[in-house]
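Please find below a colleague's note on the model under review. The points concern the contacts between its parts.

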2 protein chains.
Amino acid sequence: MTNPLPSDPYLALSAALQRWAELPQPQWLVVREGFRRRKAVARELVVFPGSQSHDLLFVSRGLLRFFYLDEGGRETNKAFVAENEFAAPLASAVLQQPVYYGVEALEETEYLSMPLGEFRALYHRHPVFERLGRCLAEMLLVRKERRMRSMLEQTATERYRTFLTENPLLAERIPQYHLASYLGITEVSLSRLKKAL
Amino acid sequence: MTNPLPSDPYLALSAALQRWAELPQPQWLVVREGFRRRKAVARELVVFPGSQSHDLLFVSRGLLRFFYLDEGGRETNKAFVAENEFAAPLASAVLQQPVYYGVEALEETEYLSMPLGEFRALYHRHPVFERLGRCLAEMLLVRKERRMRSMLEQTATERYRTFLTENPLLAERIPQYHLASYLGITEVSLSRLKKAL
DNA sequence: GAAGCGCCTTAACAAATGATAAGCTGCGCT
DNA sequence: AGCGCAGCTTATCATTTGTTAAGGCGCTTC
């Protein structure tokens, strides 16, 4: 049985943005205009690696997997982004490079998408947009900082345990082999250290 | 023989900021007022791990080493910051937590320091400060993104080679065992893979 | 129910890395 | 010169992780 009253993704977006800055109605309308509503079925490729289009994403339902793709064709999971979370190829945009990762939907996913160039152009229009941009960058930084520290300080086993405690619900939605890649090990190795409790 | 005309660190700071946004004279003076000039001798501890004071740093001469300190007392190098580079415990400030890393001068270092809380308070005073804050966060994000990708996709050997090609001069200023820690391996292991060319 | 597929586990072996200890080298100091 | 120390290397062995291959389990599809 699905939710009989599906919440408006734009409502969720508005709430998320308001947590960063008080967004006056006129400016909110500009943002709302920029974001397009999109859907992806499970296993659908949302962003193709090497894409020239940079999009700011906001997931309202479902789960996205972000992955690097090396020359050998091997994937390494970079992040998982679920409900009410943002994602953006900020580094690529700043450096004016094509997006170097791909995005795949792990479940049927509903999300909002706005060209990052368009969003960044707003910075010059009104200070509140600049603030949103700062908060976006800071949020991404905090996320990456936590991950970086975890990778440098912890062993694979510790990283796994940490992930489970911090994302108990999310862990059940992610296939083991994708989680392993995210933790920086192989599926076999993860299975092994799980057995060792 | 030292430089007979030592450049003004504030001049370097101004140039660095101007690269991010056109900073009008009055606002520049506010920033300049906030930054204090400091020096550290080689091996001096600039920031003690767990410190409650969050500082925005700008190195004008020398080299700083940023390191995590785990419960067992073991250090892991998080970053090296040299001339004309910024560093800031943005994640800690955003989450309102004590700084979870330490900073040590690897050489005699001259730097400018401003309380991060003071800097962030400026965001509400003028849009140009907000822009500087955004650019600061974006820069830190780009730096961390590159590092993260390198850690996930590359082997220790590849990371070492990459570091050498991208920072040939810096590599010679960093002791091997500190570089090893930065690369996520031990000093012994680095020595080993160097021999294997 | 048989076949196919996705996901997970297990086993056996190879490779990479850690831990510990010992020794080498350059350099500053007295 | 002799000493002490910091930084680097080397050797040895233990541990972790990767690789490859095989099989199990549940689910869907025909």
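The numbered points below take the DNA surface and then the interface between the chains.

1. The model is a predicted one, and the values that follow should be read accordingly. Around DNA strand C there are 18 residues, of which Gln176(A), Tyr177(A), Lys194(A), Thr186(B) and Arg192(B) come nearest.

2. Sugar or phosphate accounts for 65% of the atoms of DNA strand C within 4 Å of the protein, and bases for the rest. Phosphate oxygens of the strand lie 2.7 Å from a backbone N or O atom of Gln176(A) and 3.1 Å from a side-chain N or O atom of Lys194(A). Arg192(B), by contrast, places a side-chain N or O atom 3.0 Å from a base nitrogen.

3. Two or more residues of the surface near DNA strand C come from each of α8 (176-183) and α9 (187-195) of chain A and α9 (187-195) of chain B. The most, six residues, are given by α9(A). This surface comprises seven charged, six nonpolar and five polar residues.

4. Chain A and chain B each bring 34 residues to their contact. About 3,400 Å² is buried between them, with 66% of that area from carbon and sulfur atoms.

5. Between the two chains there are 10 salt bridges, including one from Glu130(A) to Arg134(B) with the closest N and O atoms 2.2 Å apart. Residue pairs in polar contact, both at pLDDT 80 or more, number 16.

6. On the side of chain A that touches chain B, the elements giving two or more residues are β4 (63-69), β5 (75-82), α3 (90-95) and α5 (127-153). The largest share, 18 residues, belongs to α5(A). By class, this side has 17 nonpolar, 12 charged and five polar residues.

Terms used. Residues are numbered from 1 along each chain as its sequence is written. Chains are lettered from A and ligands numbered from 1 in the order in which they are written. This is a predicted model: local features need pLDDT of at least 70, side-chain atom pairs count only at pLDDT 80 or more; totals for chains, interfaces and linings use all residues. Side-chain values use heavy atoms; hydrogens and water are left out. A residue is near a molecule or strand if one of its heavy atoms lies within 4 Å of it. A polar contact is a pair of N or O atoms within 3.5 Å; within protein, one must be able to donate a hydrogen and the other to accept it, and residues adjacent in sequence count only if both atoms are side-chain atoms. Helices (H or I, at least four residues) and strands (E, at least two) are DSSP runs, numbered from the N terminus. Ala, Val, Leu, Ile, Met, Phe, Trp, Tyr, Cys and Pro count as nonpolar, Asp, Glu, Lys and Arg as charged, and the others, Gly among them, as polar. Contact means heavy atoms within 4.5 Å. Buried area is the accessible area (1.4 Å probe) that two parts lose on being put together, summed over both. A salt bridge is a side-chain nitrogen of Lys or Arg within 4 Å of a carboxyl oxygen of Asp or Glu.
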